[in-house]
Amino acid sequence: MLVSQKRLFCLFILVQLGLGLKAQSQCAFAEEWALRIDMDSRFSNRMLEIENLLQDRIQDLSQVETRSSFQIPVVFHVLWNTEEENLSDEAIATQLDILNQDFTGQNPDFNLIPTSFKSVATAANIEFCLVSTDPSGNATSGITRTRTFVDSLRIEQVYYSSGEGQDVWDPERYLNIWIANLENNLVGFGSYPGQNIPAEDGVVIDYRVFGLNDHPRLNLGRTLTHEVGHYFGLFHPWGDGFFNTDCGGDDRVPDTPLQSSTFSGQCPDGLSSAPESCGSTDMYMNFMNYTNDQCLHMFTQGQALRMLASLLELRPGLLTTDVCTGASQPNPMTGVVHIGPNPTDGTLYISTFLQRSSSVQVEVFNTQGQRVYQSSWENINRYFSHTISVASWSNGFYFLRLDIGGEELVQKIIKI
Ligand SMILES: [Zn+2]
């Protein structure tokens, strides 16, 4: 059987088993893992060898290594057909900022972790930078843009210039992140160390769940956090399968409890009744779950060690280059409040996590000081998001004033 036929056959079997719940999937990890096992008879043994390497390295991690912070050079490959898919540099900077926050425990919702899990939540001490040098040694913005001529792409198409995609930059020196309009409602895929051939090593993400966006569940940029977790050797908390109803699956991390649910499409608040399964409280707020973005808050110490071991043992080339030197660093516009895109031509999104129940007021003024927009709310809890349609506004500068519980923030907005 040819590989392509085999892949189709596997997909057919998965759908027949009722596992083809792609519309609900966070990522393609479980599906790609199952396909690899079926297509490559040596895959399981290779993954077992990698697991042994990882476990040995985790045992040997020194205090120095665990205290250090590591910087990972990133190149984004934007594959676009419509203007909407051609995400702006600002959108990419915002996503990079979110990724850095999530991997350093600086995410503003870190304080929403339930008490019972606070002791194991930690900063992974991995940071990400846009590269300033391409594989040929030329200056680069760290972003490539490739026009495609198809509506959407299969995951395996994104990796190759010959297939409407973009060829990988040396995967030993760069974390390659492809952004595309993906087929089959897939939102992303992060290749586990050693899972893919080098030409296909990296992270793929759908443009609709990238950065701050208007997806109903995956709107805060956590899909990339999740996929980069896979890239650094993390499994889903329920293991490498599609679900875990018998509690037999595990993620090889000791401080993440066993769980049966994937939390796909869910957002438990953990306050009234924390979900339980497999004999313990579920860590639904772990980035490696399928929980909605606004309820994801943390990695554990065990996951941080595993990612660090993966980096040092299996992806060490990422640490040997200085391709980030002089790179333009992400420029978070406003810190914990996300306002964008900016410039904007159609819609402006505002979102932030709230420390306490607060009133929120949004006003926008033109350069003559005239108020052109106003809206306000009382007793907003936990998370605030709002959308302003600016399509009918004249082009030019505006000032957005945001008042949250008496704290004021003013942000210049550009309408184009
Ligand atoms: Zn996943």
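**Notes on the predicted model: contacts, helix packing and one sheet**

1. Among contacts between residues at least 6 apart in sequence, 70% join residues at least 24 apart. This is a predicted model. The protein has nine helices and 17 strands. Of its 416 residues, 41% are buried.

2. Start with helix H8, residues 222-231. How many of its residues are buried? Ten of ten, and H8 is thus described as mostly covered. The buried set includes charged and polar names as well as others: Arg222, Thr223, Glu227 and His230 are among them, and so are Leu224, Val228 and Tyr231.

3. What covers the buried residues of H8? The cover includes two helices, H2 (29-39) and H5 (89-104). It also includes strands S5 (175-180), S6 (188-190) and S7 (203-206). After H8 comes Gly233, with a positive phi near 90 degrees.

4. Look next at H5 against H8. Their axes come within 9 Å and cross at roughly 55 degrees. That angle lies outside the ranges for roughly parallel, perpendicular or antiparallel, so H5 and H8 are oblique to each other. The crossing is right-handed. On the H5 side, Gln95, Leu99 and Asp102 take part; on the H8 side, Leu224, Thr225 and Val228 do. The residues of this contact divide into three nonpolar, two polar and one charged. Leu224, Thr225 and Val228 also appear among the buried residues of H8.

5. A second helix pair is worth a look: H3 (residues 43-60) and H9 (residues 301-314). Their axes come within 9 Å and cross at roughly 110 degrees. Angles of 65 to 115 degrees count as roughly perpendicular, and H3 and H9 are therefore placed in that class. This crossing is right-handed.

6. Which residues of H3 and H9 meet? H3 brings Ile50, Leu53, Leu54, Arg57 and Ile58. H9 brings Leu305, Arg306, Ala309, Ser310, Leu312, Glu313 and Leu314. The residues of this contact divide into eight nonpolar, one polar and three charged. Arg57, Arg306 and Glu313 are charged; Ser310 is polar.

7. Now the sheet. Four strands form an open sheet in the order S14-S13-S16-S17, with antiparallel pairing. Which strands lie at the edges? They are S14 (371-380) and S17 (407-415), and each pairs on one side only. Neighbouring strands of this sheet are turned by 15 degrees against each other on average, direction ignored.

8. Within that sheet, take strands S13 and S16. Strand S13 covers residues 358-366, and strand S16 covers residues 396-404. The two pair in the antiparallel sense over seven bridges. For a point to find on screen, Val360 stands opposite Ile404 in S16. Strands of a sheet pair through backbone hydrogen bonds, either parallel or antiparallel.

9. Last, a residue in a loop. Asp269 sits between helix H8 (222-231) and strand S8 (276-277). Is Asp269 buried, exposed or partly exposed? It has 14 C-beta neighbours inside 10 Å. A buried residue needs 20 or more, and an exposed one has 12 or fewer, so Asp269 counts as partly exposed. Asp269 and Met285 are 16 residues apart in sequence, with their C-alpha atoms 9.1 Å apart in space.

Conventions. Residues numbered from 1 in each chain as written. Predicted model: local features only at pLDDT ≥ 70, side-chain atom pairs only at ≥ 80, totals over all residues. Pairing = 2+ DSSP bridges. Axes fitted to C-alpha atoms, helices over the stretch in contact; angles between N-to-C directions. Contact = placed C-beta atoms within 7 Å. Parallel < 35°, antiparallel > 145°, perpendicular 65-115°, else oblique. Left-handed = near helix turned anticlockwise from the far one by under 90°.
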